[in-house]
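Reader: Hello! I am new to this structure and would love a close look at one part of it. Could you choose a part and walk me through it slowly?

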Amino acid sequence: MLIPRQKTPDLSLPTLDHGAFDLSAEQSERGTVICFYRGLHCPICANYLTELEKRVDDFAERGVSTIAVSSDGEERTRAMVDKIGSTKLRFAYDLDLAKAKEWGL
């Protein structure tokens, strides 16, 4: 379990349409919201990501970047983007299980 002010584990993953994501290189003014989701198969995740998509600009106005992350591969991640009609939220994929455990997932 991660607690406030505790250093997060490293996180570097490929994204759809935004190059590589590297948490340590993020340039957001006030941090990054990382939404870990179960994958394309999860209807609850699709609903949650739809709501997050609607708030990407609100977070950005406050200096906070956003990204959704799953263990799905590129094809299934693209299918999730299409399923929820995402145009703003970044999506990273190929989170391996060992890294997920480091994050307490």
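Author: Happy to! Let us start with how the chain meets itself: among contacts between residues at least 6 apart in sequence, 67% join residues at least 24 apart. What you see is a predicted model, and the part I have chosen is a place where separate stretches of the chain come together, around Val-69 and Pro-14.

A little orientation will help. The protein has three helices and five strands, arranged along the sequence as β-β-β-α-β-α-β-α. Its radius of gyration is 13 Å, close to the 13 Å that the globule rule gives for 105 residues, so the protein is as compact as a globular protein of that length. The C-alpha trace spans about 35 × 35 × 25 Å along its principal axes, and 40% of the 105 residues count as buried.

Now find Val-69, in strand S4, which covers residues 65–69. Is Val-69 buried or exposed? Its relative accessibility is 0%, under the 20% cut-off, so Val-69 counts as buried. Beyond its neighbours within four places in sequence, Val-69 is in contact with Leu-13, Ile-34, Cys-35, Phe-36, Tyr-37, Ala-92 and Leu-95. Take Phe-36 from that list: Val-69 and Phe-36 are 33 residues apart in sequence, yet their C-alpha atoms are 4.8 Å apart in space.

Another of those contacts, Cys-35, deserves a short stop. Cys-35 is buried too, at 8% relative accessibility. A disulfide is a covalent bond between the sulfur atoms of two cysteines. Which cysteine sulfur is closest to that of Cys-35? It belongs to Cys-45, and at 7.4 Å the gap is too far for a bond, given that a disulfide needs sulfur atoms within 2.5 Å. The structure as a whole holds zero disulfides. Cys-42 also counts as buried, with a relative accessibility of 7%.

Back at Val-69, follow the contact with Ala-92. Ala-92 leads us on to Pro-14, since the two are in contact as well. Pro-14 is found in strand S1, residues 12–14. Along the chain, Pro-14 and Ala-92 are 78 residues apart, but 5.6 Å separates their C-alpha atoms. Setting aside neighbours within four places in sequence, Pro-14 touches Gly-19, Phe-91, Ala-92, Tyr-93 and Asp-94. Whereas Val-69 is buried, Pro-14 is partly exposed, with a relative accessible area of 31%.

One of the contacts of Pro-14, Asp-94, has a feature of its own. Asp-94 has a positive phi of about 65° although it is not a glycine. You will find Asp-94 in the loop between strand S5 (90–92) and helix H3 (97–102), where Asp-94 is partly exposed at 43% relative accessible area.

Asp-17 offers a companion case: it is not a glycine, but its phi is positive, at about 70°. Asp-17 sits in the loop between S1 and strand S2 (20–22), and at 63% relative accessibility Asp-17 counts as exposed.

To retrace the path: start at buried Val-69 in S4, step to Ala-92, and from there to Pro-14 in S1. Asp-94, in the loop between S5 and H3, is also in contact with Pro-14.

Note on methods
Residues are numbered from 1 along each chain as its sequence is written. This is a predicted model: local features need pLDDT of at least 70, side-chain atom pairs count only at pLDDT 80 or more; totals for chains, interfaces and linings use all residues. Side-chain values use heavy atoms; hydrogens and water are left out. Helices (H or I, at least four residues) and strands (E, at least two) are DSSP runs, numbered from the N terminus. The radius of gyration is taken over C-alpha atoms; the globule rule is 2.2 Å times the number of residues to the power 0.38. Buried means under 20% relative accessible area, exposed over 50%, partly exposed in between (1.4 Å probe, protein chains only). Contact means heavy atoms within 4.5 Å.
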